[in-house]
Amino acid sequence: MTAEPTIEVIEPRLYAASVADELVASIQDAIHERGRCSLVLSGGSTPSAVYRCLAMPPRVESVEWGKVDLFWGDERWVSHEDTQSNFLMVRETLLAHLGSNGPRVHPVDTTSPTPQVAAERYTRTIAETLGTAPDAVPEFDIVLLGVGEDAHTASIFPGSPLVHASGAVPSATCVAVKDASGEKDRITLSPNALFAARRIMFLVKGASKAEVVQRVLRGSESFDRAPARLYITAPAERVTWFLDSEAAVQLDRRA
Ligand code: 6PG
């Protein structure tokens, strides 16, 4: 029988600081065990508050940033100066506050000629940085993920061609996709790349997420309708859900 993922329920006012503490500990573990840490960042408002806490003393000084590689789990097809850019969000909340011995930063190159070229280049960047073959599934140390109210995660939306009803469709590490409207371009890591990570941390906060948390963690919908449910394809002991008490409120009410 598959193990249940770990679920941590945190008071809303303590949420960002608690998750930042967990993240520091995970980064330290990876560096201790393997010498470096590859960390895949998520966009969204929940992680941005966590990054702000990570950037504050004493946490920021307890990470050997020079041994960290930062990647992005997904990105909008916009300039790095655009307010929609996940790179810009991380630059403002975290990178701007790090000292000179900072991490190696690997943003998606949104100046590439097309989203498809950007995705191909990002696949190569990841393989070269991690020292794996471009067609192999990379094994990141830590992947941070959010969940949208429609049960998307990263930029894997309901109905995505990356997902079948029965599971993930094998694909390159990084792919060009459309957003939920089907109109705007995005780049996302594929489900197989995300869920091969050594540690997967879902960050979900707020009452507006209570229903989707119940659907994803306790429901039985097909993967193509609720892509965040694909997490169950990862060994459950590697997956932790950090919920605040508002997002967790429906979890005990089984249908
Ligand atoms: C993004 C992410 C997206 C996000 C969720 C949750 O860049 O927006 O791709 O998957 O993590 O939509 O976002 P919130 O934390 O803002 O609710």
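User: Which residues of β6 (142-145) are buried on one side of the strand, and which on the other?

Analyst: This is a predicted model, in which local features need pLDDT of at least 70 and side-chain atom pairs count only at pLDDT 80 or more, while totals for chains, interfaces and linings use all residues. Residues are numbered from 1 along each chain as its sequence is written, and side-chain values use heavy atoms, with hydrogens and water left out. In a regular strand the side chains alternate between the two faces of the sheet. Both faces of β6, a strand in the DSSP sense (E runs of at least two residues, as helices are H or I runs of at least four, numbered from the N terminus), are covered by buried residues (under 20% relative accessible area with a 1.4 Å probe and protein chains only; exposed is over 50%, partly exposed in between), namely Ile142 and Leu144 on one side and Val143 and Leu145 on the other.

User: Which residue in β11 is the bridge partner of leucine 144?

Analyst: Strand β6 pairs (at least two DSSP bridges between two strands) with strand β11, residues 199-204, in the parallel sense over 4 bridges. Strand β2 also runs parallel to β6, joined to it by 2 bridges, and there leucine 39 stands opposite isoleucine 142. In β11, the partner of leucine 144 is methionine 201.

User: Which three residues touch the most other members of the largest nonpolar core?

Analyst: A nonpolar core is a set of buried Ala, Val, Leu, Ile, Met, Phe, Trp, Tyr and Cys residues joined through side-chain atoms within 4.5 Å. The largest one here has 78 residues, and helix α1 (residues 15-34) gives the largest share of it, with 9 residues. Leaving aside neighbours within four places in sequence, tryptophan 241 has contacts (heavy atoms within 4.5 Å) that include Pro5, Val147, Phe202 and Tyr231. The members that touch the most others are Leu39, Phe202 and Trp241.

User: How far is an oxygen atom of the ligand from an N or O atom in the side chain of lysine 209?

Analyst: The ligand is surrounded by 16 residues (each with a heavy atom within 4 Å of it), and the closest are Ser45, Thr46, Asp74, Ala154 and Lys209. Ligand oxygen atoms lie 3.0 Å from an N or O atom in the side chain of arginine 76 and 2.9 Å from a polar side-chain atom of histidine 152. For lysine 209, the corresponding distance is 2.4 Å.

User: How much of the accessible area that the ligand has on its own does the protein cover?

Analyst: Accessible areas come from the Shrake-Rupley method with a 1.4 Å probe, and for residues only the protein chains shown count as cover. On its own the ligand has 420 Å². The share that the protein covers is 87%.

User: Where is alanine 154, and what is its phi?

Analyst: Alanine 154 counts as buried, at 10% relative accessibility, and is found in the loop between β6 and β7. Alanine 151 is in this loop as well, buried with a relative accessible area of 0%, and has a positive phi of about 75 degrees although it is not a glycine. For alanine 154, likewise a residue other than glycine, phi is positive and near 45 degrees.

User: With which side chain does the side chain of serine 155 make a polar contact?

Analyst: Serine 155 lies in the loop between β6 and β7 (163-164) and is buried, with a relative accessible area of 1%. Not counting residues up to four places away in sequence, serine 155 touches Asp74, Val177, Arg186 and Thr188. Of these, Val177 has Arg186 as its bridge partner in β10, within an antiparallel pairing of β9 (174-178) and β10 (185-189) over 5 bridges. The polar contact of serine 155, at 3.0 Å, is with the side chain of arginine 186.

User: Which residues of helix α3 are buried?

Analyst: Helix α3 (residues 86-93) is mostly covered, with 6 of its 8 residues buried. Their cover includes β2 (37-41), α2 (45-54), β3 (68-72), β4 (74-76) and β5 (104-106). The buried residues are Asn86, Phe87, Leu88, Met89, Val90 and Thr93.

User: What is the distance between the C-alpha atoms of proline 47 and phenylalanine 202?

Analyst: Proline 47 is in helix α2 and is buried, with a relative accessible area of 2%. Leaving aside neighbours within four places in sequence, proline 47 is in contact with Ser42 and Leu203. Although proline 47 and phenylalanine 202 are 155 residues apart along the chain, their C-alpha atoms are separated by 9.6 Å.

Terms used:
Polar contact = N/O pair within 3.5 Å; in protein donor to acceptor, adjacent residues only side chain to side chain.
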